[in-house]
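Q: Please look closely at one part of this structure and then follow the chain outward from there. Explain each term when it comes up.

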Amino acid sequence: MPVPGPGYSITVRVEAPPSASAAGDLTTAVGKVGGVLTAFDVVESRSDAIVVDITANVSSADHAEDITTALNGLSGVRVRKISDRTFLLHLGGKLEVNPKVALRNRDDLSRAYTPGVARVCQAIAANPEDARRLTIKRNTVAVVTDGSAVLGLGNIGPAAALPVMEGKAALFKKFADVDAWPVCLDTQDTEEIIRTVQALAPVYAGINLEDIAAPRCFEIEARLRERLDIPVFHDDQHGTAIVVVAALRNALRVVGKPIEQCKIVVSGVGAAGSAIIRLLLRKNPGDVVAVDIDGIVHSGRSNLDDNLRWVASNTNSHNVSGTLHEALVGADVFIGVSAPNLFGAEQVATMAEDAVVFALANPDPEIDPIEAQQHAAVVATGRSDYPNQINNVLAFPGVFRGLLDAHAHHIDDEMLLAAANAIADVVDDGRLNASFIVPSVFDSAVAPAVADAVKATVRREAQAG
């Protein structure tokens with residue numbers, strides 16, 4: 001169900017006759033083939049012609065071609081060129097390094113570099129913890145990937161993953177003033193990744209693992225947490241889990257159901273699904289039923305890896321088996337982090353009254369949100385063009401801001417729950433409704449609230465010993 005959006009925005013430069021109807025003819029042609037016009041700029045005007053830049057959101061490369069064909073088909077109109085605004089934004093990358101100190105003369109240079117810097121090096125050698133105070137370490141996070149599970153694109157490798165990691169680093173800076181840097185590793189060997197990140201760690205105060213395929217991501221995270229004295233956070237797992245738990249808390253407030261009485265179906269038991277389940281279990285739900293490509297996860301299945309065995313032993317209290325459609329019967333909540341178009345309105349109708357549906361597969365969810373709304377009381381997706389977007393950017397900037405400010409050496413579930421509760425609390429009773437269960441990613445209150453909650457938890461745990 002691709003729909004036009006700013007992620008695929010084009011600008012078409014056309015030459016057209018200088019008639020009174022030219023603007024209307026051009027915009028109508030774009031609209032007839034489903035383009036969403038966002039800008040119309042006359043860049044040149046002559047007695048015999050006008051040159052216009054038409055900017056529109058489209059849904060695909062084929063859709064962009066439809067628009068240029070429609071424009072070329074108008075009498076007297078010629079398409080000069082077409083530009084993809086997303087590619088233009090990425091030219092030269094999205095990050096740069098700027099010094100925080102002025103280097104205006106020899107005195108500045110002697111303090112920032114040699115000979116003055118030697119004294120700072122000696123101070124850190126004598127007391128390594130001073131690296132947090134005297135270097136970039138105090139505010140720097142590594143965004144680490146091997147390119148094996150990038151967005152919905154799969155195993156496209158480290159170079160192709162770099163634009164995503166750049167974007168992640170930009171989000172860190174924008175929302176929490178954290179200096180993050182992409183570290184795209186040209187290996188998918190678990191041991192080599194662990195050793196490489198361990199070797200790089202002295203520069204950073206935190207590690208954000210990103211887009212590493214399951215089940216390797218579980219072992220990589222666990223072993224890095226054992227070896228490093230800085231927090232290691234796999235955003236695909238824990239960032240997603242935090243925002244889902246926050247959104248579910250508010251969705252259940254809308255429908256008036258305590259989580260302790262809810263049957264929750266989770267579709268997808270990879271990195272995100274497993275982390276969601278683990279964090280949900282800290283909330284003592286009535287029951288959680290996990291479903292993967294082979295159906296409901298239960299202890300009698302023969303094809304369980306270590307992760308699925310843990311899921312089977314900690315969920316599905318009645319040890320039921322069957323399909324996703326069967327799991328949905330009587331369920332209060334559906335949470336999908338799996339694949340598109342798995343069920344329809346007729347299956348939602350079998351769920352409990354005032355059902356909650358989180359269809360988070362991106363870009364195409366497990367069910368069309370419009371279909372889900374026929375029977376569900378609250379519907380959320382991972383998309384920006386529907387209400388209730390479940391987006392990790394609500395979590396990870398504030399989480400790391402809190403960890404860095406508290407000089408944290410690890411991260412645990414209590415900190416994740418504190419972050420989830422902080423996100424949920426940003427939506428007060430006066431704003432909460434079925435179409436607004438999580439704050440906007442641009443709500444300036446979110447990251448500070450999450451940071452404060454995480455920081456308080458770190459310090460409370462430190463005081464408790």
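A: Gly-154 touches Gly-147, Ser-148 and Ala-149, its neighbours within four places in sequence being set aside; contact here means heavy atoms within 4.5 Å. The model is a predicted one, in which local features need pLDDT of at least 70 and side-chain atom pairs count only at pLDDT 80 or more, while totals for chains, interfaces and linings use all residues. Residues are numbered from 1 along each chain as its sequence is written, and side-chain values use heavy atoms, with hydrogens and water left out.

Gly-154 sits in the loop between strand 5 (140-145) and helix 7. Helices (H or I, at least four residues) and strands (E, at least two) are DSSP runs numbered from the N terminus. With a relative accessible area of 27%, Gly-154 is partly exposed; buried means under 20%, exposed over 50%, and partly exposed in between, using a 1.4 Å probe and protein chains only.

At the other end of helix 7, the loop to strand 6 holds Asp-177. Asp-177 is not a glycine, yet its phi is positive, about 55°. Its relative accessibility is 45%, so Asp-177 counts as partly exposed.

Helix 7 (158-176) and strand 6 (179-184) each supply at least two residues of the lining of the second largest pocket, as do helix 4 (106-112), helix 5 (117-126), helix 6 (131-134) and helix 16 (396-405). On a 1 Å grid over the protein atoms alone, a pocket is an open set of points where a 1.4 Å probe fits, with protein on both sides within 12 Å along at least five of seven lines; lining residues have an atom within 4 Å of a point. This pocket holds about 1200 Å³ of space, its volume being the space filled by probe spheres set on the points, which are joined across faces, edges and corners. Of its 31 lining residues, Asn-98, Lys-100, Ile-136, Thr-140 and Asp-179 lie nearest the centre. The lining has 17 nonpolar, five polar and nine charged residues. In this count Ala, Val, Leu, Ile, Met, Phe, Trp, Tyr, Cys and Pro are nonpolar, Asp, Glu, Lys and Arg are charged, and the others, Gly among them, are polar.

Two of the elements in this lining, helix 4 and helix 5, are linked by a loop that contains Pro-115. The peptide bond from Thr-114 to Pro-115 is cis, with omega near 10°.

Helix 16, which also contributes to the lining, is mostly covered, nine of its ten residues being buried. Among them are Phe-396, Val-399, Phe-400 and Leu-403. After helix 16 comes His-407, in the loop that leads to helix 17 (413-426). His-407 has a positive phi, near 55°, in a residue other than glycine, and is partly exposed at a relative accessible area of 38%.

Val-399 and Ala-395 are among the contacts of Ile-242 beyond four places in sequence, together with Phe-233, Leu-279, Leu-416, Ala-419, Ala-420 and Ile-423. Ala-395 also gives a distance back to the start: Gly-154 lies 241 residues from Ala-395 in sequence and 23 Å from it in space, C-alpha to C-alpha.
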